[in-house]
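Subject: Structure for your records

Hello,

Please find the structure below, with the sequence alongside. My notes on it come after.

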Amino acid sequence: MARRRYKVSKKPVGTSPGTLTYVGQEIKHETKVKRIEYNEVDYNVDESSRLSACQLPHNEAPHVLWIDVDGIHEAPVVAKLGQQFRLHPLLLEDVMNTEQKPKIDLYDDHRVSAPVVYVTMKMLHPNPRRQEIDPEHVSFVLGANYLISFQEERTNDIFKPVLDRIQASSGKTRRNGADYLLYALMDLIVDSYFVVVERLGEKLDDVEDRIIRDVAGRDTLAILYALKREMTFMRRHVQPLRDILGTLLREETPLVHPPTLPFLRDLLDHVNQIIETIDSYRELIPGLLDVYLSTTSNRMNSVMKTLTIVSAIFIPLTFIAGIYGMNFDNMPELHTRTGYFWVMGIMVAIAAGEIIYFKRRGWM
Amino acid sequence: MARRRYKVSKKPVGTSPGTLTYVGQEIKHETKVKRIEYNEVDYNVDESSRLSACQLPHNEAPHVLWIDVDGIHEAPVVAKLGQQFRLHPLLLEDVMNTEQKPKIDLYDDHRVSAPVVYVTMKMLHPNPRRQEIDPEHVSFVLGANYLISFQEERTNDIFKPVLDRIQASSGKTRRNGADYLLYALMDLIVDSYFVVVERLGEKLDDVEDRIIRDVAGRDTLAILYALKREMTFMRRHVQPLRDILGTLLREETPLVHPPTLPFLRDLLDHVNQIIETIDSYRELIPGLLDVYLSTTSNRMNSVMKTLTIVSAIFIPLTFIAGIYGMNFDNMPELHTRTGYFWVMGIMVAIAAGEIIYFKRRGWM
Amino acid sequence: MARRRYKVSKKPVGTSPGTLTYVGQEIKHETKVKRIEYNEVDYNVDESSRLSACQLPHNEAPHVLWIDVDGIHEAPVVAKLGQQFRLHPLLLEDVMNTEQKPKIDLYDDHRVSAPVVYVTMKMLHPNPRRQEIDPEHVSFVLGANYLISFQEERTNDIFKPVLDRIQASSGKTRRNGADYLLYALMDLIVDSYFVVVERLGEKLDDVEDRIIRDVAGRDTLAILYALKREMTFMRRHVQPLRDILGTLLREETPLVHPPTLPFLRDLLDHVNQIIETIDSYRELIPGLLDVYLSTTSNRMNSVMKTLTIVSAIFIPLTFIAGIYGMNFDNMPELHTRTGYFWVMGIMVAIAAGEIIYFKRRGWM
Amino acid sequence: MARRRYKVSKKPVGTSPGTLTYVGQEIKHETKVKRIEYNEVDYNVDESSRLSACQLPHNEAPHVLWIDVDGIHEAPVVAKLGQQFRLHPLLLEDVMNTEQKPKIDLYDDHRVSAPVVYVTMKMLHPNPRRQEIDPEHVSFVLGANYLISFQEERTNDIFKPVLDRIQASSGKTRRNGADYLLYALMDLIVDSYFVVVERLGEKLDDVEDRIIRDVAGRDTLAILYALKREMTFMRRHVQPLRDILGTLLREETPLVHPPTLPFLRDLLDHVNQIIETIDSYRELIPGLLDVYLSTTSNRMNSVMKTLTIVSAIFIPLTFIAGIYGMNFDNMPELHTRTGYFWVMGIMVAIAAGEIIYFKRRGWM
Amino acid sequence: MARRRYKVSKKPVGTSPGTLTYVGQEIKHETKVKRIEYNEVDYNVDESSRLSACQLPHNEAPHVLWIDVDGIHEAPVVAKLGQQFRLHPLLLEDVMNTEQKPKIDLYDDHRVSAPVVYVTMKMLHPNPRRQEIDPEHVSFVLGANYLISFQEERTNDIFKPVLDRIQASSGKTRRNGADYLLYALMDLIVDSYFVVVERLGEKLDDVEDRIIRDVAGRDTLAILYALKREMTFMRRHVQPLRDILGTLLREETPLVHPPTLPFLRDLLDHVNQIIETIDSYRELIPGLLDVYLSTTSNRMNSVMKTLTIVSAIFIPLTFIAGIYGMNFDNMPELHTRTGYFWVMGIMVAIAAGEIIYFKRRGWM
């Protein structure tokens, strides 16, 4: 459906703020909720659980609790979770609003709601059918020693690699708190951006190659345009991560602990590299456009030269032939013996003269 | 009337500052004033009232007073209200100046005038007849526990949804103060911006589609131009909301209370999303232009190639025919038996040669 | 004189700083000096006075003294005034330098010179003969309870409306100090900018209309260029007012009193509106250019199509006619009874085929 | 020599930092050193001196010492001076590096070197032969009560006007310290920039005039390009003066005394005016380009219309003539009495019809 | 291999952070490690050593230890070094990631890792075969009194000049600490940038020359495009040095000592000069493009004029000849004695008239 391309959040005008409305693609299956609890020695997954078991961990047990929610289209499920963890209504609204741009919100007034860090960003999936990128809305709620992750569940669980790492070893993730888990999941998403950027780079390389070798077809400009649109799209969804990570790094919240900071700094570095790479790609496009348009114009020039040369040579000659095709009674040249040959000679001379002239001007 | 498009406030040069002058469209009907008073338990509307009843609420009664003024074209009405609420003359001048850009003014010197927050912004109505957006001048005066709203009354009361919500339930709006009411009305206006942006997105999508599929007509550039003008127009009227909300959020005034801040922050978020969306649309237009101009140029190329091919094939052949149409007495070829057929054969060979040449160069 | 357009201050290289040099247009008539003294009850004008009467007001009498100087081309007059009011030589140099850009200088070291605020800005007159704007150099010196205004005296006294207001009533201007007088005069100048912007808007509207309706002549680009030059010119002369007003509003000088601040803030608001309006106009010009160039190119396309269609139809037919105009003895077709009609039929068929082909391609 | 245009400092890679290397044009003559010592009453020049006399002034004598060095190509001379005044090796490297951009360096660690202010800027000479500007590397070393100035000595001593002023009178320069002398010399250089900008303005005016009156030749674009290159060049060499003067004005060094500040502020004002003027010129160039290209394109259009009109009228007529030039035996029209005149009439009618059609479309 | 041009770090998605992965070109030879230890009197190189000897210097001996590692493709070697010097895993990851952009990291938490300054930048080698620049990944680890340098070992040891200087004399490098060594190596790399910029300047000069003299070939745009790509590439790799040097200069780390600061400031100056030079080159390219495209368009114009002149002269004449080639029985002119000569005369007159007309319009 063509209308999907430029979309904005379409909550009906006049709705009260904080109303939970899902505005994304229609989704059939049910919301899945995984409950993972772990520390350096223990590890515990409850996949069957729906919502009853999702309670705050007991403070005495130094476990990290991770609630992984797959599917954000069922308002009651999100509302229930929000109630159990005492989350702010505006936070829940943002969890369900798939058009929400990446951002960070610090909820620190514990009288109103639980003090949490809310981070939302986009998983980017290259669209297999069209030259577009599909964003998947992902949200994280970081609490005292728990993390809730929300995803749209487009395909499979995108957090599986981290889950596997937790399960497999008692490595860094197991030794660290919920803030490191947040970092690990964000790092996973940012790593996947590199794949998308790589794909854009390949496309750019391909079209550049075709333009420079002058074998670019008519749709080149449309391809360049779509490429630029993809880059703009991507930039808009990656750019806000700078602010998000900046806020986390400025230590404005006690929920992020110092040992996690070098890792977040490293992540910010990756984000900057992605943005810079996209920007450097985008800067190349106007130049490519110029090269392409210039080759088009050169081809036009070449066509015009051919037309001009052929016309300039044969139109005058045809005129001469026309003269001696006139039927006047009194045309002395017609009755000479060598007239025909003289005329033919003159014609050859004119043609030769013109060819020399065109060669000199560099038209042939 | 074409002259309306680019207009600036036309107060006569040399008028004393603070003079009340209405510069908007001529309006016939009378100013309507609604007086709404409510708190968590009570609710009270006085629609008949003109101005006599519009007095400051008694401080002991913890009610919120909302004066909703429909129509700003009658200077005496505005002046009377200003007198009753002790508003600054420059504030009243801005209420009536429909060309005033969105802004916030903090009047905090209680010796000169009542300490109020003055906010003015634009309601945006898509013009049904032309590809333009009509702005409606809206002003808010936030006082201790009252709010005065002014609108141009183009169509109906644009604040009806909020009025209905107050009337219907004892929800958030009823429980909160005048600052939350200000937020709710601003939120209503910003929500309506999403509709305008959606409409712009659809138009852009439509014209993009037509350009990429190469079925765009001659007026495409004029449409793109009008689209860009609409976007620029919209941006100019939404952009200042950032400053307005920023000022409110920096807590520079005691009239805005902490519980309202998360809602204002959410509103700022929406405003940023609208601005960013418009910017991303505007960035696409130069690319579309290039694609459109390139297809135009490709079509031109194609026309020129046809001309060149036809001319290059037939002009030389016509010349040959012209030679043997000459009337020289002594033209030996004419009198041979097979001359005619030889010439025809040569002509076919030349044409075939040229066709092969043009095919090789990719012109056919 | 064409050379006037791009001018810079041409004080000879090597002149000692602080030398008074007039670089503006040559002016014949003498400098006129008005001396106005007023407070809430009194009012007193001395128009005859040249310089002798221009002394500082006696501190005991709470009058505001306004010296209105018409003409800045006579160095001795300016120097004399400077001496009487103990002004800094660099200030006087700026008063006479008509190429000086708008700026504010705070002279606060009372050991070197009198502590004054120096403000210079431009009165803008639309040039009646050419598409240009003529700037008039205006300077203000704000002292303890006096104001000196300098103007180039191009036409009439541009400050007449304020003078009339002072004379007529005992309104705001009469009740307030010299700082309010400065505000009133600056407001007068800024009000006149709206007239210039309005005129630019009308021109833009006019040229936009002609371009969109495709009736724009060859000089359209030159008009657009001149329009843009006017806008750039205007922006350069209005833009610095932001800094000037910002400096006054930051209360860096005790010469501006708090009650005047809301008025200066209002003035800043007007200045911002003018700048923003000019910017929004300037942003439209590239789009208009594109539309104009595209219609030019469309017209070219249309010319080329006509040429191609006519040539492609008649050149092959002429060739066929040429064949049967050859004089070979042995051309069997010539001697058949229906040959002529067959050839005519074939010609019609070819022409019809081509017309169908061109219609299909959308060229006709 | 074409290679000169884009040059960077070419000190061999791997040279130890602080090595004195001259990279400018080869210069034959010897370095000249003037030693001027003055105060309000005394004045003393030693032109013969080479280096021996250039010592620090005795602190008890309140004289200003000015060492004016003409020629920076002799490393031993520069090194000797550096030793006598205890200057930092990096400072001396910058004195000799003619490719060094304008900058300011504060050397304030008196253990390492003498505490001085180092300022380097460019004297700009319009190149008489090519459309280029030649920069001359000028450096100033401001010490306690001395100033050392270095120049490349291209032509004459560029500081002569200041020297003459010192010699002639006991004016401002004589009464003030070495910091005022630095200001006076910098002011001299900045004054000369106005001359260069004036010249650029005249060239721009000239080319604008030719373009608008449509008499611009083929080299117009090359002229515009060179003009823009000159402006960019100039801007690059003037722009850093903002930082230099800003640093001096922020009173970061005790070597600049308060009475000099208003003069430096005035100088900053001039620099800003120059930069702004250049910027306003540069902004005009793209518009001029558009006008020029559009007139070129209009001329092309006009050529194409002529071709089309001539072809469209005569090609069909030629075809008709061609028909009746065919030699078929059976062509009934040929043998009628009025056939020729009918055909001629039809031809005139066709031509007339076409002319009316072209007139209607506005092509003639 | 075309795919190399746009590359991003391709660490597999889901890898744990801190994993050492080499992503650069495949390299065969082994890692070489040099161990240099020196102070003002001693000097000691151990080239044979692999890793065993690379230990921290004994604190009592005031030597500077420099470990120069050639080759970063062997993860075990890097890991071993990291272990010996207690470096952070993320630092080692950056050492091996050849796609890492230049940056600085301060590791100052001595509980986690050794407190070091990590600087990475790029050595730039002009690619001899293609119009590209090859970056070589270089890293520095500055510790208490040691420095570890890592290079990709593309060609020879790029730090040889500094090594030679240390070996040869007891100059500045020998007298100063590890921070000065870091400066010396960075200075070496930055010096080599001047060579690359010089080469870019020469290419630009060359292409500018060809364009202005109108002898530019068809590949001009591709050359300009490649030139701009090189400049963008270079800028991206030099730009971050500003931040790196800024961080070092702000004295955020005790590892950099005050005497080194003037040298680092000088280096920053060089970096700024390089960036500014590149920027000024890049600004020229659009202007060159315009000049080139305009000459192309002028040539096209010239071709079209030729076509138009030839056609406009000969097509009407051919038509006249065609008229008198018609075979009507009754064509009175044909049988007059002077008809032929009259027609010839008329033809000459028409041709002459057209030539005069074209000359007047400036087409010939």
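The notes below cover the domains of chain A, its contact with chain B, and the relation between the two chains.

This is a predicted model, in which local features need pLDDT of at least 70 and side-chain atom pairs count only at pLDDT 80 or more, while totals for chains, interfaces and linings use all residues. Residues are numbered from 1 along each chain as its sequence is written, and chains are lettered from A and ligands numbered from 1 in the order in which they are written.

Chain A is divided into domain 1 (27–293) and domain 2 (300–360); these bounds come from an automatic or database domain assignment. The C-alpha centres of the two domains of chain A are 76 Å apart.

Chain A gives 49 residues to the contact and chain B gives 57. Two residues are in contact if their C-beta atoms, placed from the backbone, lie within 7 Å. On the side of chain A that touches chain B, the elements giving two or more residues are helices H6 (220–238), H8 (261–323) and H9 (339–360) of chain A. Helices are DSSP runs (H or I, at least four residues), numbered from the N terminus. H8(A) supplies the largest share of that side, 17 residues.

Chain A superposes on chain B (RMSD 0.1 Å) after a rotation of 72° with 0.1 Å of shift along the axis, which is the relation of a five-fold axis. The superposition is by least squares on C-alpha atoms of residues with pLDDT of at least 70 in both copies. In chain A, Gly325(A) has the C-alpha nearest the axis, 4.8 Å from it. The copies use different surfaces, as 16% of the contact residues of chain A recur in chain B.

Regards
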